[in-house]
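The paragraphs below lead through one protein chain, moving from its interior to its surface. Please keep the sequence and the coordinates at hand while reading.

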Amino acid sequence: MNDNTMSIPHLIMNASTVVQLVMLLLLVGSILSWVVIFQRSIALGRAKKEYNQFEESFWSGVDLNELYREIPADDPRHGAEHIFQAGFREFNRLMPKTRDPDTVLEGVQRSMRVAWSREEDRLTQHLVFLATVASASPYIGLFGTVWGIMGSFQALSLTQQATLATVAPWIAEALIATAMGLFAAIPAVIFYNRLSNSSSRLLGKYEDFAEEFHAILHRNLQGRDGKPSAS
């Protein structure tokens, strides 16, 4: 048996159409999952940095009216800054209309909850795709494996004498399909868990910030000084 005929590129090029389609599907899934991994990793890193910067400004003792005015109204913000902007905008909208603290705080909390939900969608964007690749790739590879083994049995049935040379290419392409399924699935599983955990931790920080901001507004409404601050 020629060594070249058993090389991986040669086996892929001469594999059955079904197995080639399985390999192509797994390759595309793997490439797209790595695109998602890099894109989400960069986005989460940027979100953590923005959160730390805003938290430092928020707890510096600055007047919250000034902090709110520093945020351009036409510039969409993300993370804790988005939650703060949504909550304080609602606070300023409701204060001239009602002097009932509970009504104001309920409106602020509702606005911050909507902003938090949008941040959740943003941070977990495309993670479902990673989960799909992680769970489906091994089974897609297994389908290619089964098809390759079926081909080896068909090859055996057409020969007078069973030899390794008869079934080796079929078995080899079947194992390549299995390997490609694992190659696509393993990174997707690892980074899905890692990115999901990072997103959950950051969303937990956003939720804590919203609770602390809500408490600050509650204290300021009790004081009725009209100039809320984070001190």
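In this predicted model, a good place to begin is Phe-209, which counts as buried because its relative accessibility is 2%, where the cut-off for buried is under 20%. Phe-209 belongs to helix H7, a helix that covers residues 164-223. Leaving aside residues up to four places away in sequence, Phe-209 is in contact with Phe-54, Phe-58, Ala-80, Ile-83 and Phe-84. A separation along the chain can also be set beside a separation in space: Phe-209 and Glu-81 are 128 residues apart in sequence, while their C-alpha atoms are separated by 9.8 Å.

Two of these contact partners, Phe-58 and Phe-84, reappear in the description of the nonpolar interior. The largest nonpolar core contains 43 residues, and Phe-58, Phe-84, Tyr-206 and Phe-213 are the ones with the most contacts inside it. Two or more residues of this core come from each of H2, helix H3 (64-69), H4, H5, helix H6 (127-157) and H7, with H7 giving the most, 13 residues. Separate from this core is a second one of eight residues, among them Val-22, Met-23, Ile-176 and Met-180.

Helix H7 also holds His-214, and this residue counts as buried because its relative accessibility is 18%. When residues up to four places away in sequence are not counted, His-214 touches Leu-105, Gln-109 and Met-112, and these three positions fall within the range of helix H5, residues 101-123.

The next topic is charge pairing. Side chains of opposite charge can pair when their charged atoms come close. With a side-chain nitrogen of Lys or Arg required to lie within 4 Å of a carboxyl oxygen of Asp or Glu, the model has two salt bridges. One of them joins the side chains of Arg-93 and Glu-90, with an N to O distance of 2.6 Å; both residues lie in helix H4 (residues 79-94), three residues apart, which is about one turn of the helix. Arg-93 is partly exposed because its relative accessible area is 40%, whereas Glu-90 counts as buried because its relative accessibility is 12%. The salt bridge between Arg-122 and Glu-119 has its closest N and O atoms 2.8 Å apart, and here too the partners are three residues apart, about one turn, within helix H5. Arg-122 counts as partly exposed because its relative accessibility is 22%, while Glu-119, at 2%, is therefore classed as buried.

What, then, makes up the nonpolar surface patch of about 620 Å²? Leu-21, Leu-24, Leu-27, Val-28, Ile-31, Leu-32 and Val-35 form this patch. Leu-21 lies in helix H2, which covers residues 17-58, and Leu-21 counts as exposed because its relative accessibility is 54%.

These positions can be set beside an annotation, which comes from a record and may be inferred rather than shown by experiment. The unreviewed UniProt entry places the feature "transmembrane region" at residues 12-38, 127-150 and 170-192. In the model, the span 127-150 is 100% helix and 0% strand, with its end C-alpha atoms 35 Å apart. Residues 170-192 are likewise 100% helix and 0% strand, and the end C-alpha atoms of that span lie 33 Å apart.

Note on methods. Residues numbered from 1 in each chain as written. Predicted model: local features only at pLDDT ≥ 70, side-chain atom pairs only at ≥ 80, totals over all residues. Heavy atoms only, no water. Patch = residues over 30% accessible without salt bridge, like charges linked within 9 Å, V, L, I, M, F, W, Y side chains within 5 Å. Areas by Shrake-Rupley, 256 points an atom, 1.4 Å probe, with all protein chains shown as cover. Helix = DSSP H or I, 4+ residues; strand = E, 2+ residues; numbered from the N terminus. Buried < 20%, exposed > 50% of the residue type's maximum accessible area, 1.4 Å probe, protein only. Contact = heavy atoms within 4.5 Å. Core = buried A, V, L, I, M, F, W, Y, C linked by side-chain atoms within 4.5 Å.
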